[in-house]
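Got your viewer open and a selection box ready? Let's take a short walk through this one, a few stops at a time.

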Amino acid sequence: MSSADRERVIMHVDMDAFFASVEQRTNPALVGKPLVVSGAGKRTVVTTASYQARSYGIKSGMPLFEAKRRCPDLLCVQANIPKYVDASFRVLDILQATTPDVEVYSIDEAFLDVTGSLLLFKGAENIARMIKEGIWDDLRLTCSIGIAPNKLLAKLASNLEKPGGLRIISQDEIPSLLENLSVEQMWGIGPRLAKYLNAMGVFSCGQLGRVPARLLERRFGIMGRMLHNMARGADDSPVVRFGTEPDAKSMGHTMTVQRDLKSRKEISWYIFLLSEMLGRRLRSGGYAGRTVALTLRYTDFHTFSRRMTLKRHINTGPQIHEAAMRILGGIRLRDPVRLVGVSLANLARGAIQIPLFEDERRKVEVILAMDRVNNRYGDFTLSWGPFVGSQMSRAVTPRWRPGGVKFLCPIL
Ligand code: TTP
Ligand code: MG
C-alpha cells in the first residue's frame with residue numbers, strides 16, 4: 001500500500017434506491033410502498049426498486065411483468081431522467097459545501113476526498129452526518145456513506161450498510177474485513193470475473209490476495225495486477241474533482257451496467273441518461289463542445305469509441321443524445337454491451353451562438369431558463385416532458401402531476 005493511501009480520508013456517497021426515492025419524494029402517495037421505476041412499453045425493465053419492493057426479490061434489470069408477478073400490489077412509475085439529474089445536481093451542491101474535491105461517479109454516487117476538511121468540520125464522521133442531514137433537509141432523500149483510506153474501500157463500505165448506512169473502514173480493520181469477503185463484493189469484480197476466479201479455487205479476497213501477482217497477470221493480463229492490489233484493499237487512484245477545471249479539454253460520463261444490453265433501445269436509454277448529466281455539467285461550467293464521442297464496451301471487455309464532429313457547439317442533453325444516437329446508428333453491434341460512455345470534446349467556453357432560426361433559438365432559451373429556475377428553486381421545479389424528438393413546445397412540465405409525468409422512456 002502506498003503512503004498516499006495511509007494519509008487520505010475518502011468518502012463514498014451513494015443514494016438509496018435513487019430513482020424510486022425521488023419519485024416518492026415528489027408523490028407522497030408512493031411513500032412506504034413497493035415501487036419500481038421503469039421505462040415505457042410492454043417489455044420494459046425495472047431500473048430500480050424501492051426497498052419495500054426489494055423484499056419481494058425485485059431488482060434492477062428485471063422485466064416489469066416478472067416484478068408484477070412477484071408483487072401484485074406493485075406500484076410503477078415511468079422514469080423521468082431529467083428530474084433525477086436535477087436531484088443529482090442538488091446533492092452535488094451539498095457535497096461541494098464540505099470539500100471542492102468531489103468526483104461525480106454516476107448519477108447517484110460521488111467520491112469525496114475530505115482529508116483537507118477534517119479539521120474544519122471536526123472529523124469525517126461529522127462530515128458524513130452533515131451531508132446526510134443536508135440531503136434530507138433539502139431533498140428528503142437518504143443516502144449511504146462509506147469512509148475509508150481509498151476509493152475502493154470507501155465504495156465497499158457504503159455498500160455494506162444499505163440503506164441509510166454510515167460505515168467506516170479503518171486502516172487496521174482492512175486485513176480482517178477482506179479475509180472472508182467474497183470476491184464479487186469487491187468493486188470491479190463482476191459475476192463473470194468472479195466465476196473465473198471461483199474456478200481457480202479463489203472465493204474470498206483473502207484467498208485472492210495470496211495468489212502470486214505474476215500468476216494473476218499471466219491469467220488476466222494487466223487486470224491481474226489490479227486484482228492483486230484490490231484483494232489487499234490497495235488503491236491509490238485520486239478523487240478527480242468535478243469538471244470546473246479552467247481548461248477542460250473534454251467532459252464525459254460512463255456507466256457500467258450490471259446486465260447485458262442487447263438492443264439499441266436499451267443502449268439509447270443509457271445514452272439519454274448520460275447525455276442529460278453531461279449537458280447539465282457542461283452548462284454549469286459555461287462550456288459547449290463540438291465533438292461527441294460514444295464509448296461502448298462489449299461483454300468480453302472489448303472497448304471502443306466512435307466520434308463525430310459537428311458544425312457547431314452544443315451543450316444540451318437532447319442535442320448530445322441525438323448526436324450520440326447517430327453515432328450508434330453507424331455501429332454494427334457484434335455483442336451485448338456492458339458499458340456506455342458519452343463525452344464531448346473540442347470544448348469552448350461561451351461558444352454557444354444564438355441560433356439563427358426562431359425554432360432553434362426557442363429551444364436554447366427554454367433550456368437556459370430551466371437551468372436558471374432549477375438552480376434557484378431546485379426541487380426539480382422544471383424538467384423535460386415527453387422526450388419526443390424536438391417537440392420542445394411541450395418540454396416544460398409541472399414537477400409532478402397526479403397522472404404521472406408522461407415520459408417516453410427509450411428503454412424497451
Ligand atoms: P444504483 O445506485 O445502482 O441503485 P439505487 O440507488 O437504485 O439503489 P441502492 O440503494 O442499492 O444504491 O443506481 C442508481 C440509479 O441508476 C437507480 O436508482 C436507477 C439507475 N439505474 C439504471 O437506470 N439502470 C441500471 O441498470 C441500474 C443498476 C441503475
Ligand atoms: Mg444508489
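Before the first stop, one term: two strands count as paired if DSSP finds at least two bridges between them. Keep in mind, too, that this is a predicted model.

**Stop 1: strand 6**

Select residues 109–113, which make up strand 6. Now add strand 5, residues 102–106. These two strands run antiparallel and are joined by 4 bridges. To see the pairing up close, pick Val102 and look across: Leu112 of strand 6 stands opposite. Follow the chain from strand 5 to strand 6 and you'll go round a hairpin, with 2 residues making the link.

Next, bring in strand 1, residues 10–15. Strand 1 is also antiparallel to strand 6, this time with 5 bridges. Click on Val13 here, and you'll find Ala110 of strand 6 opposite.

Now turn on side chains for strand 6. In a regular strand, side chains alternate between the two faces of the sheet. Which way do they go here? Glu109, Phe111 and Asp113 point one way, while Ala110 and Leu112 point the other way. Are they buried or exposed? All of them are buried. Because 5 of the 5 residues of strand 6 are buried, the strand is largely enclosed by the rest of the structure.

**Stop 2: Thr47**

Jump to Thr47, which sits in strand 3 (residues 46–49). Its relative accessible area is 17%, and since buried means under 20%, Thr47 counts as buried. What is Thr47 in contact with, leaving aside neighbours within four places in sequence? Show Phe19, Val37, Ser38, Ser60 and Trp269 to see those partners.

**Stop 3: Leu227**

Move on to helix 12, residues 222–231, and highlight Leu227. This leucine is buried, with a relative accessible area of 0%. Again skipping neighbours within four places in sequence, Leu227 is in contact with Ile189, Leu193, Leu197, Leu208, Leu216 and Phe220.

If you like, run the distance tool from Leu227 to Cys205: C-alpha to C-alpha, they are 9.3 Å apart in space, and 22 residues apart in sequence.

**Stop 4: the cysteines**

Last, select Cys76 and Cys143. Which one is buried, and which is partly exposed? Cys143 counts as buried, at 2% relative accessibility, whereas Cys76 is partly exposed, with a relative accessible area of 32%. And how many disulfides are there? With a disulfide taken as a pair of cysteine sulfur atoms within 2.5 Å, the count comes to 0.

Note on methods:
Residues are numbered from 1 along each chain as its sequence is written. Chains are lettered from A and ligands numbered from 1 in the order in which they are written. This is a predicted model: local features need pLDDT of at least 70, side-chain atom pairs count only at pLDDT 80 or more; totals for chains, interfaces and linings use all residues. Side-chain values use heavy atoms; hydrogens and water are left out. Buried means under 20% relative accessible area, exposed over 50%, partly exposed in between (1.4 Å probe, protein chains only). Contact means heavy atoms within 4.5 Å.
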